[in-house]
Amino acid sequence: GCACDIPSHLYGFSFAPNPEWSRVWAGQAEILAYLHTVVDRFELRDHIRLGWAAEHAAFDPQTDTWIVKTGGHTLRARYLIGATGPLRVPKFPAITGVDEFAGPSMHSARWDRGIELKGRRVGIIGSAASAVQMIPKLAPQTEHLTVFQRTANYIVPKPNRAYTPLEKWALAHIPGCWRLLRWMLYWRYELRFHA
C-alpha cells in the first residue's frame with residue numbers, strides 16, 4: 001500500500017515535472033520509476049554511491065569543498081546534504097510483555113515478506129502515515145485486523161482517481177498547465193493544512 005501522502009504532481013520535483021502520473025496519489029512502484037527516470041534524465045547514476053556509509057565529513061575552506069570519508073574512499077564535494085532520514089530507523093513501542101509474544105512480529109520499515117498475513121488475526125500498533133497506507137490493503141486479507149493507536153490522527157478524504165488521457169495530454173502540452181495544477185495543489189493541501 002505504499003504511496004504518496006500528498007498529490008503526485010506536488011510530490012514530484014518542480015524541475016522535473018511528470019505529466020504521466022497515473023493517479024492523483026501515485027503508488028510506490030510508480031514513484032520509484034519516476035525517480036529512476038529523473039536519475040537518468042539528469043545523468044546522475046555515475047555520481048550516486050549506494051551502500052557507502054559516510055564516516056567523517058570536514059569542510060576545507062581553502063578549496064571550498066567538503067572532504068567526506070567513507071569505508072575505504074575519500075570524496076570531495078562542493079555541497080554536502082545531510083539526508084540521513086531519521087524515520088528509516090524502526091522505533092518499537094515499549095510494551096510490557098512484548099518479549100513473551102509468541103507470534104511473528106515486524107516493523108513496517110523492515111517488512112518481512114515471509115510472514116503470511118492472509119486469513120490471520122493481525123494487530124497494527126500505530127495509526128500514522130505508514131499505517132494509513134497498510135491498513136486498507138491488509139484489512140481485506142486478514143481474518144481480523146485490530147489497530148492500536150495512542151493519539152487519533154486527522155482523517156481527510158483521499159479521492160485517488162486516475163488521471164484521464166486528456167488531462168495527461170494537457171499537462172504535457174499546454175504551456176503553464178502543469179505549473180497551475182501544482183500551484184492549486186499547493187494552496188489546497190499544504191497551506192490550509194496548518195490553518
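**Exercise 1. Strand pairing**

Which residue in S3 does lysine 69 stand opposite? Use the predicted model to place this pair within the pairing of S1, S2 and S3.

*Solution.* Begin with the pair itself: lysine 69 faces threonine 74, a residue of S3. A further pair between these elements is that of valine 68, whose bridge partner in S3 is leucine 75. Both pairs belong to an antiparallel arrangement, in which S2 and S3 are joined by five bridges. Turning next to the other neighbour of S2, one finds that strand S1 (residues 54-60) pairs with strand S2 (residues 65-70), again in the antiparallel sense, over six bridges. In that pairing, alanine 54 stands opposite threonine 70 in S2.

**Exercise 2. Positive phi angles**

Examine the hairpin turns and the loop before S1 for residues with positive phi, and say which of them are not glycine.

*Solution.* Start from the general expectation that most residues other than glycine have a negative phi. In the hairpin of S2 and S3, which has two residues between the strands, glycine 72 takes a positive phi of about 85 degrees. The hairpin of S1 and S2 has four residues between its strands, and in the loop joining them lies aspartate 64, with a positive phi of about 55 degrees although it is not a glycine. The next case is glutamate 43, found in the loop between helix H2 (28-41) and S1, where phi is positive at about 50 degrees, again in a residue that is not a glycine. Glutamate 43 has a relative accessible area of 63%, and because this lies over the 50% cut-off, the residue counts as exposed.

**Exercise 3. Two environments compared**

Is serine 8 buried or exposed, and how is tryptophan 111 to be classed by its relative accessible area?

*Solution.* Take serine 8 first, which is found in helix H1 (residues 8-11). Its relative accessibility is 0%, which is under the 20% cut-off, and therefore serine 8 counts as buried. Leaving out residues up to four places away in sequence, serine 8 touches Trp21, Arg23, Val24, Trp25 and Ala26. With alanine 26 there is also a polar contact, since the side chain of serine 8 reaches the backbone nitrogen of that residue at 2.8 Å.

Now take tryptophan 111, placed in the loop between strand S3 (73-77) and S4. Its relative accessible area of 38% falls between the 20% and 50% cut-offs, so tryptophan 111 is partly exposed. Neighbours within four places in sequence being set aside, tryptophan 111 is in contact with Met106, Leu117, Met134 and Leu138. As for lysine 91, the separation from tryptophan 111 is 20 residues in sequence and 14 Å in space, taken from C-alpha to C-alpha.

**Exercise 4. The largest pocket**

How much space lies in the largest pocket, and which residues are the closest to its centre?

*Solution.* The volume comes to about 1,800 Å³. The lining is made up of 43 residues, and those closest to the centre of the pocket are Pro93, His107, Ile124, Ile125 and Gly126. Assigning the lining to secondary structure, one finds that strand S4 (121-125) and helix H3 (129-138) are the elements that give two or more residues to it. The last step is to sort the lining of the largest pocket by class, which yields 25 nonpolar, 11 polar and seven charged residues.

Note on methods: Residues are numbered from 1 along each chain as its sequence is written. This is a predicted model: local features need pLDDT of at least 70, side-chain atom pairs count only at pLDDT 80 or more; totals for chains, interfaces and linings use all residues. Side-chain values use heavy atoms; hydrogens and water are left out. On a 1 Å grid over the protein atoms alone, a cavity is a set of points where a 1.4 Å probe fits but cannot get out, and a pocket is an open set with protein on both sides within 12 Å along at least five of seven lines; lining residues have an atom within 4 Å of a point. Grid points are joined across faces, edges and corners, and a volume is the space filled by probe spheres set on the points. Ala, Val, Leu, Ile, Met, Phe, Trp, Tyr, Cys and Pro count as nonpolar, Asp, Glu, Lys and Arg as charged, and the others, Gly among them, as polar. Buried means under 20% relative accessible area, exposed over 50%, partly exposed in between (1.4 Å probe, protein chains only). Contact means heavy atoms within 4.5 Å. A polar contact is a pair of N or O atoms within 3.5 Å; within protein, one must be able to donate a hydrogen and the other to accept it, and residues adjacent in sequence count only if both atoms are side-chain atoms. Two strands pair if DSSP finds at least two bridges between them.
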